[in-house]
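Here is a short briefing to read alongside the sequence and the model. Take a moment to look around, and then we can go through it together.

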Amino acid sequence: MPSHDYKTAGAMTKTLEERLVGALKGESIDRRTVLGGLGLAGAAGIAGFSGGASADGDHGGGDSHHGNFGAVGEYSGNQFDPHEYLYQFNTGYDGQENVTQEVYMEGDQRIRRFELNAVDIEIEIAPGITFSAWSYNGQVPGPTLRVTEGDIIEVEFTNLGRHAHTIHPHVKNINPAMDGIPTNGPGVLDTGESYTYRWKAQPCGVQFYHCHSLPLKEHIHRGLYGVIIVDPDPERVRENPRDYINYDGPMTDDLVSQLVTKAESRNHEYDEGEDVNEMVMVMNGFDTNFDGDNEVYAANTRAFAYGVGDTDGKGNWEPGETKRPIQVDGQQLQRVYLVNAIEFDAINSFHTHSNFFDYYDHGTMLTPTLKTVDTVMQCQAQRGILEIDYSDHEPGLYMFHAHQSEFAELGWMSFFEVV
């Protein structure tokens, strides 16, 4: 049987969201107030969503504060759609309309060029709840850049915000002037200033970029971060296989072939990846009253965006629905590029119900760091690739969420809908 039925999952989503939004619209709201409003719903809900306990100690069932998750109402802002963000890869050849991009050659060197602008913007993080964000190109997370190992990533950055900003890349950068920190190269860019960064796309994997202005925690928390996916180059893998495997034994032709096949599967320029459904998820949180604790958590900014709203139970949703599970083909391998951008909390995590997955920490190797696990932890800026196989599962809803219970109660709770 699927992990959860549609009616129960929908009720859970609604209840948690109602409580979260209701608490955030109150006065003097802090993290403890929000969690107090939620009671102990999350811990019991994650375990199985059975009702039965109320906040006043009534464990006899009925209209209980225990047992269900929830978030109610639809999102009204349309400047960012976390469902679209999952699949938006900017390659220089194509991508989002709000990202100017191109590909050109300098001799034999391929350059992937992108334009990123720092912009102050109000974003909607829960239905009716907005947050004053600092963003790249008007969205949080910023646009996902996707290149192939060995390319030059060229980013023309213009600061249109009110504060000084930079872009710091988590790649192997050999030129300190391109590090995007206050002390090197152009330093921080004031309002109206521009600078062109150039970084070699290395190593392969799921990488991170963010503002490095001070105070650093505020610039990251406000939303200045995004993802760089560096796809492995299969020909380089064939010539240097030991760079892509944590293994000291004999390098046989069969093993090299396996690594090359994996590299082709992860490279957007090869057809071998067409049978894989690839998604980007950035785990983030928002301190709505700036007291140093997050009140709202999410995967891709909007609380409960991948929860369950109205459905006919057959995979059909009303047009305009802003909250719905991520619908996936059970016969396709699911590949998640996962990044933790959380501020104020030491770690975040990703947990799947009713299934296990292989995990490639940072994605720099082509063999898994962890095999057959259902939970991984990440510190801030840590990232990795998850590969999840639902081919032997029945159609239906399968939950995934942070396995810090309070994060799930405060928005980081989601579903895959396997069809």
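Is threonine 148 buried or exposed? Threonine 148 is buried, because its relative accessible area is 4%, under the 20% cut-off. Please keep in mind that this is a predicted model. The protein has 419 residues, and 56% of them count as buried.

**Overall make-up**

- You will find eight helices and 20 strands in the protein.
- Taking contacts between residues at least 6 apart in sequence, 70% of them join residues at least 24 apart.

**Around threonine 148**

- Threonine 148 belongs to strand 4, which covers residues 145-148.
- Leaving aside residues up to four places away in sequence, threonine 148 touches Arg110, Arg112, Ala201, Val230, Asp231, Asp233, Asn267, His268 and Glu269.
- Lysine 200 is 52 residues from threonine 148 along the chain, and their C-alpha atoms are separated by 10.0 Å.

**Around threonine 91**

- Threonine 91 sits in a loop, with helix 4 (82-85) on one side and strand 1 (101-106) on the other.
- Threonine 91 counts as buried because its relative accessibility is 6%, where the cut-off is under 20%.
- Its contacts, again without residues up to four places away in sequence, are Gln101, Val103, Arg112, Phe114, Arg146 and His268.
- Arg112 and His268 appear among the contacts of threonine 91, and Arg112 and His268 are also touched by threonine 148.

**Cysteines**

- How many disulfides does the structure hold? The structure holds zero disulfides.
- Cysteine 204 is buried, because a relative accessible area of 1% falls under the 20% cut-off.
- Cysteine 211 is likewise buried, with a relative accessibility of 0%.

**Nonpolar cores**

- In soluble globular proteins, nonpolar side chains tend to be buried together.
- Which residues of the largest nonpolar core touch the most other members? In this core of 70 residues, they are Met281, Ile326, Phe350, Trp412 and Phe416.
- Helix 1 (residues 6-24) gives the most to this core, contributing seven residues.
- A second core, separate from that one, has 33 residues, including Ile228, Val237, Ile245 and Leu366.
- Phenylalanine 350 is worth a closer look: not counting residues up to four places away in sequence, phenylalanine 350 touches Met281, Leu338, Phe357, Asp374, Thr375, Val376, Leu386, Phe400, His401 and Trp412.

**Pocket and cavity**

- Rolling a probe the size of a water molecule over the atoms shows where empty space is left.
- The second largest pocket has a volume of about 180 Å³.
- Its lining consists of Glu149, Gly150, Lys172, Lys200, Ala201, Gln202, Pro203, Arg236, Asp243, Tyr244, Thr364 and Met365.
- By class, that lining has five charged, four nonpolar and three polar residues.
- Two names from the threonine 148 notes come back here: Ala201 is one of the contacts of threonine 148, lysine 200 is the partner in the C-alpha separation, and both Lys200 and Ala201 line the second largest pocket.
- How many cavities of 30 Å³ or more does a search of the whole structure find? The search finds one.
- The largest cavity has a volume of about 50 Å³.
- Gln79, Phe80, Ile123, Glu124, Gly138, Gln139, Val140, Thr301 and Arg302 line the largest cavity.
- This cavity lining has four polar, three nonpolar and two charged residues.

Technical notes. Residues numbered from 1 in each chain as written. Predicted model: local features only at pLDDT ≥ 70, side-chain atom pairs only at ≥ 80, totals over all residues. Heavy atoms only, no water. Disulfide = S-S within 2.5 Å. Buried < 20%, exposed > 50% of the residue type's maximum accessible area, 1.4 Å probe, protein only. Helix = DSSP H or I, 4+ residues; strand = E, 2+ residues; numbered from the N terminus. Contact = heavy atoms within 4.5 Å. 1 Å grid on protein atoms, 1.4 Å probe; cavity = no way out; pocket = protein on both sides within 12 Å on 5 of 7 lines; lining within 4 Å. Points joined across faces, edges and corners; volume = space filled by probe spheres on them. Nonpolar A, V, L, I, M, F, W, Y, C, P; charged D, E, K, R; others polar. Core = buried A, V, L, I, M, F, W, Y, C linked by side-chain atoms within 4.5 Å.
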